[in-house]
Amino acid sequence: MQKAISKREFLAVFLIALVAIVLVPCLNAFVPESSAFHISNFSINLWGKYLCYAILAITVDVLWGYTGLLSLGQCLYFSLGGYMMGMYLMRMIGSLGQYHMPIPDFLVFLGWTRLPPFWKPFSSFSFALFMVAALPGALAFVFGFLAFRSRIRGVYFSILTQALTYAACLLFFRNNILMGGNNGFTDFKFMLGHDLRTASTQRGLYIVSGLFLLVVYLGFKWLTATKLGKVQRAIRDSENRVLFSGYAAANFKLFIFVLACIVAGLAGALYVPQVGIVNPSEMATDKSLEAVVWVAVGGRGTLVGPIIGAIFVNALKSWATRAFPDYWLIILGGMFLLVVLFLPAGLVGLAHHAVDLLKRMRKPPAPAPDAVPPEPAPRAVNQAPAK
């Protein structure tokens with residue numbers, strides 16, 4: 001079994017986590033706004049969303065980069081986790097909504113006077129947290145069991161995941177399922193007794209997101225170094241050889257798929273209270289395609305690449321949608337083409353090539369071997385004349 005993480009990598013992860021999880025919140029909480037080192041509440045909230053996207057990108061990479069399963073529907077499980085947490089947050093509004101009724105405003109608008117039965121348990125945070133993991137996990141198990149048992153792989157698996165996501169998106173747009181319809185859930189106010197509109201609560205959510213990202217990264221780093229991780233990469237490289245070797249490849253793929261979808265659901269649950277809204281557009285097919293772009297740009301099959309790609313692409317999106325709002329999709333598509341054609345290993349691969357180049361440039365040239373003088377020609381020996 002290979003070592004999960006080297007000392008140098010562990011030190012780098014520790015320093016980055018120390019800066020992101022400890023230093024950044026301190027600069028927001030304790031440094032005055034007049035200081036150049038102050039980090040605004042808006043930036044804390046924005047970076048908290050980036051961290052949630054990074055967790056989602058890791059789940060895409062675990063499936064695509066390590067197992068060869070290109071899922072185009074990870075945002076479905078991300079959104080389902082967000083919806084489950086959103087139901088709890090809507091229950092916490094109480095009678096502070098626009099209609100001053102003890103049920104969510106959209107239910108009052110639809111003519112309801114009482115809370116639907118399936119909404120009642122979501123007044124408990126524990127139940128909501130359980131559903132955040134259970135619903136994406138159950139859906140992933142059913143879908144994965146049917147797909148992997150039928151030996152569906154490659155592009156057909158990708159098309160099926162995209163079709164499932166599109167069907168779910170259309171379903172959640174309907175008002176009669178009582179999940180907010182087109183508008184979804186919004187106007188959140190409280191979470192575990194804390195006001196979501198205060199800077200301290202948003203800062204706490206940012207810290208929790210950072211800690212969860214660290215746990216997910218280290219957990220999958222360990223998992224990919226075990227025997228399971230080796231089987232994952234073997235399935236990615238040649239599933240038929242894995243089958244001929246006696247391994248039940250479908251069971252391995254199902255386990256990884258369900259685990260990745262549960263983690264995506266937990267990331268969605270952290271995302272929703274920081275964004276303040278969840279609606280069916282979060283599970284649209286283009287969102288899942290964007291997550292694939294994050295992984296490709298960062299470098300698939302690396303775990304750290306998806307984190308870099310998710311943060312880089314979304315930071316670029318935040319800037320480009322303000323500076324060039326009509327050209328963002330063109331920029332995104334061009335960046336994806338550039339990576340596929342010229343940087344197949346992504347930004348992480350580019351960094352590795354740059355480090356190798358610097359090492360070769362700094363390495364002193366090998367000394368030329370000393371010139372060896374030619375051996376002298378043997379002297380002619382005078383032979384005695386024959387008698």
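1. Arg91 merits attention in this predicted model. The residue is buried yet forms no salt bridge. Asp105 carries the nearest side chain of opposite charge, and that side chain is 11 Å away. A salt bridge requires a side-chain nitrogen of Lys or Arg within 4 Å of a carboxyl oxygen of Asp or Glu, so the distance of 11 Å to Asp105 does not qualify.

2. As to its setting, Arg91 belongs to helix α3, which covers residues 74-91. Leaving aside residues up to four places away in sequence, Arg91 is in contact with Pro102, Leu115, Trp119, Lys120, Phe122 and Ser123.

3. The cysteines form a separate topic. The structure contains 0 disulfides. Cys75 takes part in none, and the nearest cysteine sulfur, that of Cys169, lies 11 Å away. Seen from the other side, the sulfur of Cys169 has its closest cysteine sulfur in Cys75, and at 11 Å the two are too far apart for a bond. A disulfide would need the two sulfur atoms within 2.5 Å.

4. Are Cys75 and Cys169 buried or exposed? Cys75 counts as buried, at 4% relative accessibility. Cys169 is also buried, with a relative accessible area of 7%.

5. On the surface, Phe10, Leu11, Phe14, Leu15, Leu18 and Val22 make a nonpolar patch of about 570 Å². Leu18, one of these residues, is located in helix α1, residues 7-29. With a relative accessible area of 40%, Leu18 is partly exposed. Patch residues must have over 30% relative accessible area, and Leu18 therefore meets that cut-off at 40%.

Definitions and conventions:
Residues are numbered from 1 along each chain as its sequence is written. This is a predicted model: local features need pLDDT of at least 70, side-chain atom pairs count only at pLDDT 80 or more; totals for chains, interfaces and linings use all residues. Side-chain values use heavy atoms; hydrogens and water are left out. Helices (H or I, at least four residues) and strands (E, at least two) are DSSP runs, numbered from the N terminus. Buried means under 20% relative accessible area, exposed over 50%, partly exposed in between (1.4 Å probe, protein chains only). Lys and Arg count as positive and Asp and Glu as negative; His and the chain ends are not counted. Contact means heavy atoms within 4.5 Å. Patches are made of residues with over 30% relative accessible area and no salt bridge: like charges are joined within 9 Å, nonpolar side chains (Val, Leu, Ile, Met, Phe, Trp, Tyr) within 5 Å. Accessible areas come from the Shrake-Rupley method with a 1.4 Å probe; for residues, only the protein chains shown count as cover.
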